[in-house]
Structure formats: structure tokens, C-alpha cells
Amino acid sequence: MALSSLKDRVRAATITPQPSADATVHELAADPQTAVPQQLQAAAREDGADIADLVHTWLERHVGDDFAKALPKHIDVTAFLSAVREILPGLVRCTPASVRQALITCARFGLLPDGKHAVIKAEGNLAVFVPMAQGYVELMYRSGRVGSVHVGMIHEGDEWTFEPTAPAPLDFTHRPAVAKSKKDRGRPILAYAFAWMASGARSQVVILSREDAEEIRDEYSQAYRRAEEDGSRTSFWHTDFDAMWRKSALRRLHKVVPMSPEMVAMVAVDEAGDEGRVQVTLAPEDVALVAEADEAHERAEDGQDPADGARAKPTLRRKTKAPQPKPLRKRQQPKRTTRRDRSARR
């Protein structure tokens, strides 16, 4: 039976040497000896497939099972791979190892790399996972303790008040001047974020000025500094400053609302990407175990640090011994007397 499609030909390919960590995705498609089998390369040429098609097929074949294991049940593998297919052209110069790591990280958090929830961005020859503002909101909802999340921008022409000492929700109001034109509404001056808890309580309102956002950018974003140094100006802080401004407010919000272990892990991964460190994420079950261990450690630390400067004495429980059986009493034998003893008594 003839193999009629590229996918069939891919499945028919047998031996596939693994690419080196230094190889790029472009080399993955160009060098069949180090990346994909000759049958796959020939099939791609015959069917007129481009590099993105080839790499997508290679990922589906070699990493598809990893995606299936990493993705939550509510995310379909096919939908995830479809989103991956759209971003591959921008990652052709990245190493396959970094592309795989970034995509697996994205899958473990259950976010689609669609530009709204998450982005897989090329930083030099490395692919980097970048959660977006909508991704943060999605994970906040998954905690089960957050009822709704509000994030927005205050413009110069808007009406707003902020009085931190007033009781919620009277401490903050924002009336956007949506009827005005963009010119009349003016530039954005503040970004804010807050959440309503499932219990009905409202969180603290996080407000960031433009100066606050610029300080966060300058201190933490390695991508921004690299883009400034090489003159490319391609970082998200360059191309979409307002979105990063809102995202910074959401990242501050996670410190004042109950967060799931998954959310804490994603913040850590996001910060690692900002600082140019390797992004390593744990499987969901491992994240939960780490969170439980941290919580137990904090409880232990709290128990050793009592109030009023008094050092708490450890409470010792007296061990109760099991009741021991009473020793058997020996039967006393009658004392034997001799004839001489009896004579002396008389």
C-alpha cells in the first residue's frame, strides 16, 4: 500500500538520530543525518512542505507523548499542537532542546502559546516561555479561591479615586471615559489589578505608575537589556510596553491573594526567563509536594519563634507504658520441723 501523505511517510521512517543541543531548528530541517531521516526529508520536498511543517511533524512524532502527559485534561493535544504550528516559523533559529523545554513548560501550566495566554519567544538561539497577563488570570481562577480578577489602565481623561485607608470597595473607583476619543482620553498613567475572592472579600488593590513599571523593567528584564545593547529593540518591553505594565501589576497581585502551587511555580519560571536563567518547571504533582514541604517547614519555623521574645519549650509527651502482668507469687511450703524441735517446745 502506497504512503499517500507526509504523515504516513514520517511514520514509515525508522531510525532517527537525535539532534544535538546546539543544533537549531533550521538545521533540524536542513540536515537529515543529524536531525530527521532521509525519508522524511524527501517526503517534505515531494509534498512541498516548508520548514514549519517539517518541524511540526518532527515534534508531533518525538515529543507528542510528552505533551500528552504534561497537558491538563481540559487541554486537547491537537489544539495545543495547532497553536505550536503557528509559532514555529519564528523559532527556526532556536535550538531544538530549548524549543522542547519551552513548549513542555507551557504545556505543564495548561496554557496555549497563542500570544494571549503565553508566548514562546526567541531570545538569540534559545526559545523562552513567557506567560502573558491572560495566562496569569487563568491560573488565578484555577486556584478555586479567586472569584474574579480585574486588571486595567487609568488614562489621563478618566475619573478615578484611590484612598487606601477607606474600607473596600470604597477605597478605589475607576470610571473609564470610554465615550471620549483616544486623543481626548489621554495617555495611560496607572495600571491596576485586584481580585474578588470566592468568599466575597476583595483583595488589596495593586497600583503601578509608569515609573514603577520602568523600574521593574530596568531591574529584572535581561531581554530588555539585551535588546537595548544590540539595538534590535525587540523585547516585549519595547514592542508592547502597556501589556507588560499590566502583567507587572498582576505579578504583584499574586503576593496578596491566595495562590495555588501551580501559580507560584509559574511566577518562578517567568522570573527566571526575565533574568536570563534556565527555566525549569516541575510536574504538577511535584509542585504540590514542594508546596506541602514548604508549608510544613514554615509551620516548624513558626513553632520555634514564639511571640514576646520567649523561647518556647518543647512539649514532651510522657510515654505511657503498657500494663505489665503481675509476677506470680510463689506458693510457700510449710516449714519442716524435727523431733528435737518439737521436744524443745514442750
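Two strands are taken to pair when DSSP finds at least two bridges between them. In this predicted model, strand β4 (residues 159-162) meets that condition with β5, to which it is joined over 4 bridges in the antiparallel sense. Within this pair, Trp 160 has His 174 of β5 as its bridge partner. His 174 also lies on the covered face of strand β5 (residues 172-175), together with Phe 172, while Thr 173 and Arg 175 make up the uncovered face. Such a pattern is a familiar one, as side chains in a regular strand alternate between the two faces of the sheet.

Stepping back to the whole chain, the protein contains 16 helices and 7 strands. Of its 346 residues, 40% are buried, and the accessible surface comes to about 21,900 Å², with 51% of it belonging to carbon and sulfur atoms. Among contacts between residues at least 6 apart in sequence, 64% join residues at least 24 apart.

A second strand arrangement is an open sheet of 3 strands, ordered β3-β6-β7 and paired in the antiparallel sense. Strands β3 (146-155) and β7 (206-209) each have a single partner strand and stand at the edges, so one side of each is left without a neighbour in the sheet. From one strand to the next, the twist averages 15 degrees. Antiparallel strands β6 and β7 are joined by 4 bridges, and Leu 190 stands opposite Ser 209 in β7. Two helices pack on this sheet. Helix α10 (residues 210-220) touches β6 and β7, its direction making about 85 degrees with that of β7. Helix α13 (residues 241-253) touches β3, β6 and β7, and its direction makes about 35 degrees with that of β6.

Ala 193 offers a helpful close-up of this region. This residue is placed in strand β6 (residues 188-197) and counts as buried because its relative accessibility is 0%. Beyond residues up to four places away in sequence, Ala 193 touches His 150, Val 151, Gln 204, Val 205, Val 206, Ala 249, Leu 250 and Leu 253. The C-alpha atoms of Ala 193 and Leu 253 are separated by 6.6 Å, although the two residues are 60 apart along the chain.

Helix-to-helix packing is seen as well. Helices α8 (residues 133-142) and α14 (residues 261-274) pack at an angle of about 155 degrees, with axes 9 Å apart, and are therefore roughly antiparallel to each other. Gly 135, Tyr 136, Leu 139, Met 140 and Arg 142 of α8 make the contact with Glu 262, Met 263, Met 266, Val 267 and Asp 270 of α14. By class, this contact has 6 nonpolar, 1 polar and 3 charged residues.

Conventions:
Residues numbered from 1 in each chain as written. Predicted model: local features only at pLDDT ≥ 70, side-chain atom pairs only at ≥ 80, totals over all residues. Heavy atoms only, no water. Buried < 20%, exposed > 50% of the residue type's maximum accessible area, 1.4 Å probe, protein only. Contact = heavy atoms within 4.5 Å. Areas by Shrake-Rupley, 256 points an atom, 1.4 Å probe, with all protein chains shown as cover. Axes fitted to C-alpha atoms, helices over the stretch in contact; angles between N-to-C directions. Parallel < 35°, antiparallel > 145°, perpendicular 65-115°, else oblique. Nonpolar A, V, L, I, M, F, W, Y, C, P; charged D, E, K, R; others polar.
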